[in-house]
Amino acid sequence: MSRGRIALLSALGVGVVALALSLDVAGLLPRLRTRIDALGAWGPVAYVALYVPVTMVGVPGPPFTLAAPLLFGGIVAFVTMVVASTLSAASAFLVSRHLARDAVTRRLGSHPRFKQLDRLLDEHAWIVIPFVRVVPFPFVLNNYGLGLTRIGFWRYLAWSEVGMIPMNALLVLGTDSVLRAVSGRMSWALTGLAVVAAGAIAVLAVLGRRRWLEAEREERREEPLVGSRRGC
């Protein structure tokens, strides 16, 4: 992972801590949960119903992810966000592939990273898709862009979960752990899960970046051969 991306993730973590420290968590959290509890089982359902369409049109997802533990608590928030991100990823992929392929192709088809991604997916989907899920790249562009490739839907969704589940765990459970610590209700179990998720993300980022760089080197080695064949 590059220094810039590490700095971005670090800044996000610092922002979460600063937000938690600036709020009266002990007083705010019960009031928010009271309103959600009034909806009963429909609270998480309503949250998912809001998240999916707004992220499909390009609204950033992280603010929703970070707000979920405030509204639902750690485990319920985590499950809610896994469902929401899965439905958003699946819906955008299907729209891109079946309903708006021409429009999305005009927007993304000439992008160099998209071309490189398409080449890598056939043999290395197991690491490429989780990699693009854990690096700071717009969620919506990943979803629509992958819909233009040749990868099958279920394969795409399965490998997406390998990246999205740890990322949701880190953001949701990590935020929930900070909020609990500030309010004096520390949960070592949730904190441990967040740490495990961070480790998984680090592994995916390192392996994915290595495979990506290897592909770039292979492509550069092939370019002179292609040029020499044209010259002949």
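User: What separates Arg 211 and Glu 214 in helix α10, in helical turns?
Analyst: The model is a predicted one. In it, Arg 211 and Glu 214 are three residues apart in helix α10, so about one helical turn lies between them. Residues three or four places apart in an α-helix point the same way, because a turn takes 3.6 residues.

User: What makes the contact of Arg 211 and Glu 214 a salt bridge?
Analyst: The N to O distance between the two side chains is 3.4 Å. The cut-off for a salt bridge is 4 Å between a side-chain nitrogen of Lys or Arg and a carboxyl oxygen of Asp or Glu, so Arg 211 and Glu 214 qualify.

User: Why does Arg 211 count as buried, and what does Glu 214 count as?
Analyst: Arg 211 has 13% relative accessibility, and buried means under 20%, so the term applies to Arg 211. Glu 214 has 27%, which lies between the 20% and 50% limits, so Glu 214 is called partly exposed.

User: How many salt bridges does a search of the whole structure find?
Analyst: The search finds two. Besides the bridge of Arg 211 and Glu 214, Asp 176 forms one with Arg 180, where the closest N and O atoms are 2.6 Å apart. That is within the 4 Å limit, so the pair of Asp 176 and Arg 180 counts as well. Both residues lie in helix α9, four residues apart, or about one turn of the helix. Asp 176 and Arg 180 are both buried.

User: Why is the pair of Phe 93 and Phe 153 called tilted?
Analyst: The structure holds seven aromatic pairs. In this one the ring centres are 5.6 Å apart and the planes meet at 50 degrees. The centres are within the 6.5 Å limit, and the angle is neither under 30 degrees (stacked) nor over 60 (edge-to-face), so the pair is tilted.

User: Which parts does the pair of Phe 93 and Phe 153 tie together?
Analyst: Phe 93 belongs to helix α5 and Phe 153 to helix α9 (residues 153-182), so the pair joins parts 60 residues apart in sequence. Both rings belong to buried residues.

User: What kind of aromatic pair do Phe 153 and Tyr 156 form?
Analyst: Theirs is a tilted pair, with 6.5 Å centre to centre and 40 degrees between the planes. Phe 153 and Tyr 156 both lie in helix α9, three residues apart, about one turn of the helix.

User: How do you know whether Phe 153 and Tyr 156 are buried or exposed?
Analyst: The relative accessible area of Phe 153 is 18%, and that of Tyr 156 is 0%. The limit for buried is under 20%, so Phe 153 is buried, and the conclusion for Tyr 156 is buried too.

User: Which residues form the nonpolar patch on the surface?
Analyst: Ile 75, Val 79, Val 83, Leu 87 and Leu 193 form the patch, with about 410 Å² of accessible area together. Helix α5 (residues 74-99) gives the most, four residues. Leu 193 is found in helix α10 (residues 188-231).

User: What does Leu 193 count as, and on what relative accessibility?
Analyst: Leu 193 has 44% relative accessibility, which falls between 20% and 50%, so Leu 193 counts as partly exposed. Patch residues need over 30%, so Leu 193 passes that cut-off.

User: Why does Leu 121 count as buried?
Analyst: Leu 121 has 2% relative accessibility, under the 20% limit, so the term fits. Leu 121 sits in helix α7 (residues 112-134). Beyond four places in sequence, Leu 121 touches Val 128, Ile 129, Leu 146, Thr 149, Ile 151 and Arg 155. From Leu 121 to Leu 146 there are 25 residues along the chain and 9.3 Å between C-alpha atoms.

User: What makes Tyr 144 buried?
Analyst: Its relative accessible area is 16%, under 20%, so Tyr 144 is buried. Tyr 144 is in helix α8 (residues 139-147). Tyr 144 and Leu 94 are 50 residues apart in sequence, with their C-alpha atoms 8.3 Å apart.

User: How do you know that the span of helix α3 is close to the one expected?
Analyst: Helix α3 (residues 42-56) has 15 residues and reaches 21 Å from its first C-alpha to its last. The expected span, at 1.5 Å a residue, is 21 Å. Among the buried residues of α3 are Tyr 47 and Tyr 51, and ring pairs link these two with Phe 64 and Phe 72 into a cluster.

Key:
Residues are numbered from 1 along each chain as its sequence is written. This is a predicted model: local features need pLDDT of at least 70, side-chain atom pairs count only at pLDDT 80 or more; totals for chains, interfaces and linings use all residues. Side-chain values use heavy atoms; hydrogens and water are left out. Patches are made of residues with over 30% relative accessible area and no salt bridge: like charges are joined within 9 Å, nonpolar side chains (Val, Leu, Ile, Met, Phe, Trp, Tyr) within 5 Å. Accessible areas come from the Shrake-Rupley method with a 1.4 Å probe; for residues, only the protein chains shown count as cover. Helices (H or I, at least four residues) and strands (E, at least two) are DSSP runs, numbered from the N terminus. Buried means under 20% relative accessible area, exposed over 50%, partly exposed in between (1.4 Å probe, protein chains only). Rings of Phe, Tyr and Trp (its six-membered ring) pair if their centres lie within 6.5 Å; planes under 30 degrees apart count as stacked, over 60 as edge-to-face and the rest as tilted. The expected span of a helix is 1.5 Å times one less than its number of residues. Contact means heavy atoms within 4.5 Å.
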